[in-house]
Amino acid sequence: MTVDRASTLNTARPASTSDIVLDGIFTGMIGALTVALWFLVLDVIAGRPLYTPALLGTFLLHGGEAARQATIAPLEIAAYTAFHFIAFILIGIALSWMMTLFERFPIMFFVILVLFVCLQLAFFGLNVVLGAQIVGQLSAWSVVVANILAATGMVFYQWRRHPGVLKSVEKLWEDSAT
């Protein structure tokens, strides 16, 4: 009994759990680094490098009242940076898993789109809640721009890792047009 090598080469190998996790870690790191660099640039322009992670780290460790007088300190910066990267890595792993599903089930495009909108609204809502505690210290527009930049980088990376999904999206649009 022989195996037809041509047919086995053309079929995509299902992604293993370790592939999904590793891909998700890279995806999350891209998002986290994008946001971190965005706020670093804004902080440098404002003349206070690392202020945003110090502010959010102070809020995370000591609450809203302490955040009103946040100072740039290594513990607060490290705490928030760790929290920030872990959150993005978890989102990256979820996105990586959904993209592997997307390859088999094109309808996942709409699930990913809805999830993106929900995450944006959740981050905006979180900013509004934090804004009540950190009035005037973190602008809503900068958070929205940071999230859009991060999402763009993460999705671009995933699109490069899963080139077949673009054809699936085109097929979805063609099927709905007929």
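**Helix packing and pockets around α5**

Helix α5 crosses helix α7 in a right-handed sense. The model is a predicted one, and in it α5 covers residues 74-104 while α7 covers residues 140-161. Their axes sit 11 Å apart, with a packing angle of about 40°. Because of that angle, α5 counts as oblique to α7.

As for who touches whom, the α5 side of this contact is made up of Phe88, Ile91, Gly92, Leu95, Ser96, Met99 and Phe102. Facing them from α7 are Ala150, Met154, Gln158 and Trp159. Sorted by class, the residues of this contact come out as eight nonpolar and three polar, with no charged ones.

Helix α5 also packs against α2, and here the axes come within 6 Å and cross at roughly 130°. That angle makes α2 oblique to α5. The crossing of α2 past α5 is right-handed. On the chemistry side, the contact of α2 with α5 brings together 14 nonpolar residues, eight polar ones and one charged one.

Now for the empty space. The largest pocket holds about 670 Å³. Its lining runs to 28 residues, and those nearest the centre are Val35, Leu56, Tyr80, Phe83 and His84. Five helices give two or more residues each to this lining: α2 (17-45), α3 (51-62), α5, α6 (108-133) and α7. The top contributor is α5, which puts in nine residues. Nonpolar residues account for 22 of the lining, next to five polar and one charged.

The second largest pocket comes in at about 360 Å³. Around it are 20 lining residues, with Leu95, Phe116, Leu119, Ala151 and Val155 closest to the centre. The elements giving two or more residues to this lining are α5, α6 and α7. This time α6 supplies the largest share, namely eight residues. The lining of the second largest pocket splits into 18 nonpolar and two polar residues, with no charged ones.

Put side by side, these results keep coming back to α5. Helix α5 meets α7 through residues that include Leu95, and Leu95 is also one of the residues closest to the centre of the second largest pocket. In the largest pocket, α5 gives the most to the lining, and α2, its partner in the crossing at roughly 130°, is among the helices that give two or more residues there.

Technical notes. Residues numbered from 1 in each chain as written. Predicted model: local features only at pLDDT ≥ 70, side-chain atom pairs only at ≥ 80, totals over all residues. Heavy atoms only, no water. Axes fitted to C-alpha atoms, helices over the stretch in contact; angles between N-to-C directions. Helix = DSSP H or I, 4+ residues; strand = E, 2+ residues; numbered from the N terminus. Parallel < 35°, antiparallel > 145°, perpendicular 65-115°, else oblique. Left-handed = near helix turned anticlockwise from the far one by under 90°. Contact = heavy atoms within 4.5 Å. Nonpolar A, V, L, I, M, F, W, Y, C, P; charged D, E, K, R; others polar. 1 Å grid on protein atoms, 1.4 Å probe; cavity = no way out; pocket = protein on both sides within 12 Å on 5 of 7 lines; lining within 4 Å. Points joined across faces, edges and corners; volume = space filled by probe spheres on them.
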